[in-house]
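Colleague: Could you take me through one part of this model slowly, starting from a single residue and working outwards? I'm at the bench most days, so please explain your terms as you go.

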Amino acid sequence: MNALNAQLIVLAKAPVPGKVKTRLTPPFTPHEAAMLAESALADTLEAGASASFSRHILALADQWATPGALRAELPGRFEVIPQRGDGLDERIAAAFDDAYATLNAPIVLIGMDTPQVTPGLLETVAQPLTSGEADAVFGPATDGGFWLLGLRQPDAKLVHGVPMSQDHTGRVQLDRLRAAGLRIRQVPELLDVDTVQDAVQVAAQAPGSRFAATLSVLHPQPKPEMVSTGRHHQPAPAPAAVAG
């Protein structure tokens, strides 16, 4: 398959103990939570590197604090750029702007919290942007946020001021896209890893991942109360209707 005329950005924090996945502590120690974060990021980067984008970018916070192991395993297709801005909304907007400034091509941005993502899903969600069928793609997360945002042409006003890490973040972001009159394609909902229950579900969705292997070492036999009985959201690509 020829490379898609699109860019992939993975927006991530360096997996530094005490600074990532703090909602996993307890029951995990800060070091264990960082191990899970690093494995989730490694899975995400591996999936991204296998997806046929014309450019792959890792927008990394605290990039100089990145553990040596992650740097050694960073797929060669990824170029690392620093994050800019204070709030998450500013950092997302800046990542879009920085990528677009050097390559005039549609952009798909994801985080490091969905290690169950697949190369096929990433390619599928980019296609409406590259074909011109949509101006934006939006991937809702089960916690009310979003796991993916794609734009044919970045505009900071589409993201600035959106309240992040709230249970209504996704709704506000989607409304912002609609208010701008964009043609929007919604893509499959995924589960972000924020809590222990999330981690157990995501590991079950991606049993061959580094994330699942790390979790099995830290908690080889999860307690029954750790396991949610909610519906698993599979990352398989699926046709989606245009929203808006």
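Modeller: Happy to! Setting aside neighbours within four places in sequence, Leu174 is in contact (heavy atoms within 4.5 Å) with Phe138, Ile184 and Gln186. This is a predicted model, so local features need pLDDT of at least 70 and side-chain atom pairs count only at pLDDT 80 or more, while totals for chains, interfaces and linings use all residues. Residues are numbered from 1 along each chain as its sequence is written, and side-chain values use heavy atoms, with hydrogens and water left out.

Leu174 belongs to helix H5, residues 169-179; helices (H or I, at least four residues) and strands (E, at least two) are DSSP runs numbered from the N terminus. With a relative accessible area of 9%, Leu174 is buried (buried is under 20%, exposed over 50%, partly exposed in between, with a 1.4 Å probe and protein chains only). Its C-alpha atom is separated by 9.6 Å from that of Gly139, 35 residues away along the chain.

Two of the partners of Leu174, Phe138 and Ile184, bring us to the cores. A nonpolar core is a set of buried Ala, Val, Leu, Ile, Met, Phe, Trp, Tyr and Cys residues joined through side-chain atoms within 4.5 Å. The largest has 31 residues, and Val108, Leu122, Trp147 and Leu148 have the most contacts inside it. At least two residues of this core come from each of strand E1 (4-13), H1, strand E2 (53-61), strand E4 (107-110), helix H4 (119-131) and strand E6 (146-151). H1 gives the most, six residues. Apart from this core lies another, of 24 residues, which includes Ala136, Phe138, Leu158 and Ile184. Beyond four places in sequence, Leu148 is in contact with residues that include Val108, Leu122, Phe138 and Gly139.

Since H1 gives the most to the largest core, let's look at how that helix packs. H1 (residues 30-50) meets helix H7 (residues 210-218) at about 160°, with the axes 8 Å apart. Axes are lines fitted to C-alpha atoms, for helices over the stretch in contact, and angles run from 0 to 180 degrees between N-to-C directions. H1 and H7 are therefore roughly antiparallel (under 35 degrees is roughly parallel, over 145 roughly antiparallel, 65 to 115 roughly perpendicular, the rest oblique). The contact involves Met35, Leu36 and Ala40 of H1, among others, and residues including Phe211, Leu215 and Leu218 of H7. Its residues divide into seven nonpolar, two polar and four charged; here Ala, Val, Leu, Ile, Met, Phe, Trp, Tyr, Cys and Pro count as nonpolar, Asp, Glu, Lys and Arg as charged, and the others, Gly among them, as polar.

H1 also packs against H4, at about 60° with axes 8 Å apart, and these two helices are therefore oblique to each other. Here Ala47, Gly48 and Ser50 of H1 meet Pro119, Leu122 and Glu123 of H4, a set of three nonpolar, two polar and one charged.

A charged residue can be buried here too: Asp194 has a relative accessible area of 15%. Asp194 sits in the loop between strand E7 (184-186) and helix H6 (196-205). Leaving out neighbours within four places, Asp194 is in contact with Lys21, Arg23, Leu24, Asp113 and Asp143.

Stepping back, the protein has seven helices and eight strands, and buried residues make up 52% of its 244 residues. Of the contacts between residues at least 6 apart in sequence, 70% join residues at least 24 apart.
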